[in-house]
Amino acid sequence: MGERSDHPQGPGAAEDSGAQEVEATVVLGLRITDWPALRAAAVAAVEELDFEGIDPAGQRRELLREVSEDANAALGALLHPDRLVAAIPGVEAIGGTLEISVTEDFAPDFAELFPLDGDEEEGGGAAGDWTLTPRTACLLHAQLIGLADAAYDDLDEHEDEPVVDGEEADWTVFGRLPQRTWRLHRAWRRTMGRTFDDLADDLALGEWPLPRCLAEEIALRMALVDARALLGAQPESVADMMGDLPADLYDYDWDGCHDELFGVYGPDDGDPELNAEQRAELLLTATHPEGWFLPYEDAEERDPQRGYRR
């Protein structure tokens, strides 16, 4: 019996073939399901890189900042052609580029994330309870994403400029906030913009967007106002947005959203005659805007390293 070879072309094929240059195109569809894990892996990858030229330490710091704040940058560090090819034996990278783009038509599957109860069955005690329905979640998610986009657009256009009384219309988001915030710095505005994304991320994970701080109270209120307004002004557009999401009795129940989403976390002391939103309003008035991002004592703190969209 002859000697067995695992090479697909038999022994000696590598010597006969000579060095070949191959152009490979790989197209990947990816969904980020754990941003902290992705960020940690990207940071570790950057720590292993060798930087040359002027100020290598500064290059490393800048790349670490980018991968810590931007998911695309984190993916870029991990999917770089040199890094991928290094894991393949017998291959040497001679060049290559990496392009990463966000899929415009991606949307969470709200029917799966927020399943509706079926017909009431024996033992189904929860049937009939208020719930955040797929259509409500979809519309609310769209408004939160839109507000986050608009907030960052405000920043790109105005930077640290103050909002001027009578010119609020020049601002899409920050002109709608209380006047005491109109002269605050860019970093504060950027953090405020992130609150819309934080609540949208909750929905994209199948969680109710329960405000965990005063800033999120404001962000959710704005999204609810915009969702109600869009539904009233453009019902056909909203219907198109919903596609084949299942309909339910509690769709677009904005009063129910106010009752169920606010007050789960936050201040519960003070005048017992006041509802959760009224108590939060008093706290907003008494707290400097810099403190609006402090998490409520009974709420889980969001990841402080989660970064910003822009």
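**Core.** I looked up the largest nonpolar core in this predicted model. It holds 53 residues, and Phe174, Met192 and Phe196 touch the most other members. I then checked which elements give two or more residues to this core, and found α7, α8, α9 (214-233), α10 (235-242) and α11 (254-261). The most comes from α7, which gives 11 residues.

**Fold and burial.** I went through the secondary structure next. I noted 12 helices and zero strands in the chain. Read along the sequence, the pattern is therefore α-α-α-α-α-α-α-α-α-α-α-α. For burial I took the whole chain of 310 residues, of which 36% count as buried.

**Loop between α7 and α8.** I turned to the charges on the surface. Glu157, Asp160, Glu161, Glu167 and Asp170 gather there in a patch of negative charge. I looked at one of these, Glu161, in more detail. Glu161 sits in the loop between α7 (134-158) and α8 (186-204). Its relative accessible area is 42%, so I entered Glu161 as partly exposed.

I placed Glu159 in the loop between α7 and α8 as well. The backbone of Glu159 caught my attention: phi is near 55°, a positive value in a residue other than glycine. With 38% relative accessibility, Glu159 counts as partly exposed.

**Asp55.** I recorded a positive phi for Asp55 too, near 55°, and this residue is not glycine. Asp55 belongs to the loop between α2 and α3 (56-69). I listed Asp55 as partly exposed because its relative accessible area is 43%, which falls between the 20% limit for buried and the 50% limit for exposed.

**Nonpolar surface patch.** I also searched the surface for nonpolar residues. Val26, Leu28 and Leu30 make a patch of about 330 Å². I traced Leu30 to the loop between α1 (13-17) and α2 (35-48). Leu30 has a relative accessible area of 53%, so I marked Leu30 as exposed. The cut-off for that class is over 50%.

**Gly95.** My last entry concerns Gly95, in the loop between α5 (81-86) and α6 (110-113). Its relative accessibility is 56%, so Gly95 counts as exposed. I checked the distance from Gly95 to Asp82: the C-alpha atoms are 8.1 Å apart in space, and the two residues are 13 residues apart in sequence.

Technical notes:
Residues numbered from 1 in each chain as written. Predicted model: local features only at pLDDT ≥ 70, side-chain atom pairs only at ≥ 80, totals over all residues. Heavy atoms only, no water. Patch = residues over 30% accessible without salt bridge, like charges linked within 9 Å, V, L, I, M, F, W, Y side chains within 5 Å. Areas by Shrake-Rupley, 256 points an atom, 1.4 Å probe, with all protein chains shown as cover. Salt bridge = Lys/Arg side-chain N within 4 Å of Asp/Glu carboxyl O. Lys, Arg positive; Asp, Glu negative; His and termini not counted. Charge placed at Lys NZ, Arg CZ, Asp CG, Glu CD. Helix = DSSP H or I, 4+ residues; strand = E, 2+ residues; numbered from the N terminus. Buried < 20%, exposed > 50% of the residue type's maximum accessible area, 1.4 Å probe, protein only. Core = buried A, V, L, I, M, F, W, Y, C linked by side-chain atoms within 4.5 Å.
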